[in-house]
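Look over the sequence and the structure before reading on. The paragraphs below go from one chain to the contact between chains, and then to the other chain.

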Amino acid sequence: MAFSRFAYAPAPESRSAVNIRPSYGLFIAGEWASPLDGGHFKTESPSSQEVLAEVSSAGPEDVDRAVRAARRAYEETWAPMPGKERAKYIFRVARLIQERSRELAVLESLDNGKPIKESRDVDVPLAAAHFFYHAGWADKLAYAGLGPDPRPIGVVGQVIPWNFPLLMAAWKLAPALATGNTCVLKPAETTPLSALVLAEIFEQADLPPGVVNIVTGDGGTGATLVAHPGIDKVAFTGSTEVGKHILGALAGTGKRITLELGGKAANIVFDDAPLSQAVEGIVNGIFFNQGHVCCAGSRLLVQEPVAEGVVEALKRRLATLRLGDPLDKNTDIGAINSPQQLEKIRELAAAGEAEGAERWSPACQIPERGYWFPPTVFTGVAPGQRIAREEIFGPVLSVLTFRTPEEAIEKANNTTYGLSAGVWTDKGSRALQVASRLKAGVVWANTFNRFDPASPFGGYRESGFGREGGRQGLSQYLKGALDG
Amino acid sequence: MLAHPGTGPGGPRVRLGHPRLSAEPRLAAVTSSVKLAGLAELAERTEEGHAGGLCPAPADLFELTRPEASLRRLLHGLPGVDQVGAEGRAASLATRSIKAASKLWAIDTAISMLDLTTLEGADTPAKVTSLCGKARRPDPSDPSVPAVAAVCIYPDLVPAAKVALAGSPVKTAAVATAFPSGRASLAVKLADVADAVSAGAEEVDMVIDRGAFLSGHYAKVLDEVQAVREASRQACLKVILETGELSTYDNVRRASWLAMIGGADFIKTSTGKVSPASTLPVALVMLEAARDFTEATGRAVGVKVAGGIRTTKDAIKYLVVVNEVAGEEWLDPSRFRIGASGLLNDLLMQRSKQRTGVYAGSEDWSIE
């Protein structure tokens with residue numbers, strides 16, 4: 001990144017926008033509570049390894065308290081409340097997120113390591129959009145095509161990941177609240193802070209106590225929550241491994257469940273594609289949020305006639321990516337969220353090299369402190385190699401080639417996952433034809449990683465089941481006439 | 001009787017390529033470049049197809065021998081531009097923030113890239129003379145301010161400009177070829193160019209025939225560019241695409257290539273007389289084209305943006321796009337120009353703010 005004459009200024013967003021408390025309790029029944037049988041842990045900033053705050057870890061008794069608070073709120077307040085009244089609270093939450101957007105963006109970048117331009121332009125606005133969208137549904141559920149009188153399910157246990165901490169909380173909470181359910185949310189261990197600020201926002205919005213309860217903690221807290229007998233439905237976003245575990249643990253309990261798990265998405269570039277934009281799409285597909293995206297386009301399938309040109313253009317483009325301080329507005333690539341994740345990325349990248357793929361990264365300076373991994377491209381990847389099959393969840397792209405559309409579809413579907421895919425072509429008919437044959441919950445044409453609350457998101461096969469967003473997302477939180 | 005030279009007794013001999021084009025070594029370079037493998041293959045496929053017995057009807061053969069057809073294949077074989085993607089990329093580049101020291105450098109660079117322009121029906125030798133004074137010494141109180149690159153005027157005012165710019169490095173650029181519409185016969189356009197060049201214009205800003213381009217007569221557009229190129233051998237030739245009339249980014253990319261194949265030294269966005277004039281995404285597409293052409297042929301082509309660039313902030317956004325899309329080599333007046341008039345005073349004001357820490361009033365800068 002040698003801009004010898006034309007240097008970009010460090011343009012750090014001010015940390016003073018956020019006021020992090022030294023320690024946080026659990027948010028139960030509308031109050032901040034100290035853990036009864038849990039403990040405390042520290043959350044750090046992955047870009048500086050600085051400890052940001054001490055956070056409570058909820059034990060079984062705390063989880064039980066939270067579930068009972070949610071049950072009471074469900075029976076006494078939230079479910080009986082008319083939809084149009086619920087909507088007012090949810091609209092208020094959406095507006096408060098907008099009002100506190102700068103604070104939330106800075107906090108998210110501090111706690112997660114993602115660049116401020118992403119937390120500012122993607123995570124926070126989309127989180128607000130999810131609350132706005134679902135607030136609009138709250139009094140129109142009878143017209144959602146789910147029967148004349150759809151009813152809420154009850155108390156929902158929601159466990160969310162660290163890659164989009166606030167946005168995932170919004171994806172989970174907004175539809176659940178709009179449909180009249182109450183929630184116990186467990187944020188990820190490494191990124192609890194934005195959910196705790198969201199709890200402050202619920203207080204500010206006067207949301208009735210117990211409608212949303214937030215219990216922080218590690219995997220143990222999550223396991224206690226999903227296993228709690230007072231929970232009617234579990235919604236989980238995270239790794240396929242944990243998802244399988246939860247599914248096993250819940251078998252026979254009668255609890256409803258939706259899972260949004262891993263992915264190994266194919267991003268297919270045909271030779272007639274708008275190549276400059278395809279290169280942008282490839283970059284956005286895998287290097288957005290350091291590749292910590294379940295729907296990341298981690299497998300680039302490029303048609304042979306243009307393969308060489310595309311890889312060359314991609315490398316030229318990657319040389320302009322700026323890695324560094326997540327709070328700098330010029331930063332494109334932030335920090336890896338945790339040392340464990342960094343280790344996993346390193347291990348898989350090393351496996352790629354050992355298995356014979358060619359590894360390339362642009363020259364870039366890695367900061368001394370924090371957890372970082374340079375954007376990496378593997379070419380000459382064979383479909384059987386680990387980097388072509390396993391989810392890396394990091395800024396690592398595997399490039400494969402194909403000759404015919406048939407081969408592209410076959411290779412794209414040759415995965416145990418099925419969350420997302422991308423198709424790049426100037427030919428509309430081809431985009432539609434290929435998209436209809438890809439086994440993926442979301443297929444983007446001539447774009448990648450676009451999200452909208454009105455568009456259902458979810459996977460096939462080992463990427464999970466259930467949808468979030470749109471009418472389909474609402475249906476996961478409602479009982480129709482046939483459900484008894 | 002042979003119906004057409006293209007169908008000989010030995011089977012169809014299909015000639016591809018514009019005769020004048022094939023004589024140009026740089027087209028060979030274009031089609032053999034890896035980047036444009038798609039183009040070359042497209043042409044080859046067509047050729048093989050015919051040789052291999054997929055015999056087209058004589059009418060099609062006739063079609064194929066027209067230079068028009070091969071040009072169309074070349075231009076339509078260029079990768080398309082996705083509008084949403086291109087605009088998204090330009091918008092994301094516009095959010096970059098620049099170091100204070102670099103800002104000063106960027107301001108001086110922008111000044112040195114300026115084609116200080118006056119293109120009014122009311123222009124007079126006196127007005128041009130005063131503009132030239134500003135071009136030579138943008139800020140009389142500060143000799144460290146660089147001179148602009150050129151003064152851009154109508155051809156009949158070239159003599160006045162030459163006198164006023166004598167002894168300075170500032171070039172005289174004349175808009176020619178029935179600027180701004182380009183609606184005149186080739187003979188009239190060439191006379192216009194000859195007029196400007198003989199009066200001493202060192203740079204010629206020509207317009208393409210947008211009507212011909214939009215109706216698919218690419219050869220006509222190319223012929224005109226080549227004819228103007230011939231008529232202004234010694235001059236720097238800037239070819240104005242008038243992107244506001246081309247309406248799609250695909251057209252912008254195709255017109256860029258057409259102009260560069262025709263021998264343009266610069267491809268230029270607009271006349272300034274049509275709205276929209278230059279936009280960031282248009283500049284991005286043209287910079288990509290110039291970069292790809294330069295890489296494929298070894299002949300460097302520059303880009304000039306013109307119209308609607310009034311503030312330092314705008315100018316710096318363009319420089320960021322130049323830097324990230326085409327590369328640092330384009331951050332030079334020989335490869336990037338900005339056509340503007342009011343922009344200069346804003347650059348001077350921001351420059352003095354950068355140096356002194358305070359804003360001067362707008363009345364501190366002369367209006368020509």
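In chain B, what share of the contacts with a separation of 6 or more comes from residues 24 or more positions apart? The model is a predicted one, and in it such residues account for 75% of those contacts in chain B. Chain B is built from 17 helices and ten strands. It has 368 residues, of which 49% count as buried.

Two helices of chain B show how such elements meet. Helix α14 covers residues 249–261 and helix α15 covers residues 280–297. Their axes come within 9 Å and cross at roughly 40°. The crossing of α14(B) past α15(B) is right-handed. On the α14(B) side, the residues that take part are B:Y249, B:V252, B:R253, B:S256, B:W257 and B:M260. They meet B:P281, B:V282, B:V285, B:M286, B:A289 and B:F293 of α15(B). Sorted by class, this contact has ten nonpolar residues, one polar residue and one charged residue.

A single residue of chain B can be followed in the same way. B:K353 sits in helix α17, which spans residues 343–356 of chain B. Is B:K353 buried or partly exposed? A residue counts as buried if 20 or more other C-beta atoms lie within 10 Å of its own, and as exposed if there are 12 or fewer. B:K353 has 15 other C-beta atoms within 10 Å, so it is partly exposed. Leaving aside residues up to four places away in sequence, B:K353 touches B:V358 and B:Y359. B:V145 is 208 residues from B:K353 along the chain, and the C-alpha atoms of the two are separated by 14 Å.

Chain B also touches chain A. The contact takes 28 residues from chain B and 26 residues from chain A. On the chain B side, four helices each supply at least two residues: α3 (37–51), α6 (83–93), α7 (100–112) and α16 (312–326). The residues on this side of chain B divide into twelve nonpolar, seven polar and nine charged.

Chain A is assigned two domains. Domain 1 is made of two stretches, 15–261 and 461–483, while domain 2 runs over 266–445. The C-alpha centres of these two domains of chain A lie 30 Å apart. How many residues of each domain are in contact with the other? The contact involves 21 residues of domain 1 and 26 residues of domain 2. Helices α3 (101–112) and α4 (116–137) of chain A each supply at least two residues of the domain 1 side. By class, that side has six nonpolar, nine polar and six charged residues.

Chain A also contains an open sheet of seven strands, in the order β14-β15-β16-β13-β12-β17-β18. Strands of a sheet pair through backbone hydrogen bonds, either parallel or antiparallel. The pairing in this sheet is mixed. Why do β14 (358–360) and β18 (442–445) of chain A each have one side without a neighbour in the sheet? Both stand at the edges and have a single partner strand each, so one side of each is left without a neighbour. From one strand to the next, the twist averages 20°. At one edge, β14(A) pairs with β15 (residues 376–379) of chain A in the antiparallel sense, over three bridges. Within this pair, A:E358 stands opposite A:T379 of β15(A).

Notes
Residues are numbered from 1 along each chain as its sequence is written. Chains are lettered from A and ligands numbered from 1 in the order in which they are written. This is a predicted model: local features need pLDDT of at least 70, side-chain atom pairs count only at pLDDT 80 or more; totals for chains, interfaces and linings use all residues. Two residues are in contact if their C-beta atoms, placed from the backbone, lie within 7 Å. Ala, Val, Leu, Ile, Met, Phe, Trp, Tyr, Cys and Pro count as nonpolar, Asp, Glu, Lys and Arg as charged, and the others, Gly among them, as polar. Domain bounds come from an automatic or database domain assignment. Axes are lines fitted to C-alpha atoms, for helices over the stretch in contact, and angles run from 0 to 180 degrees between N-to-C directions. A crossing is left-handed if the near helix is turned anticlockwise from the far one by less than a right angle, and right-handed if clockwise. Two strands pair if DSSP finds at least two bridges between them.
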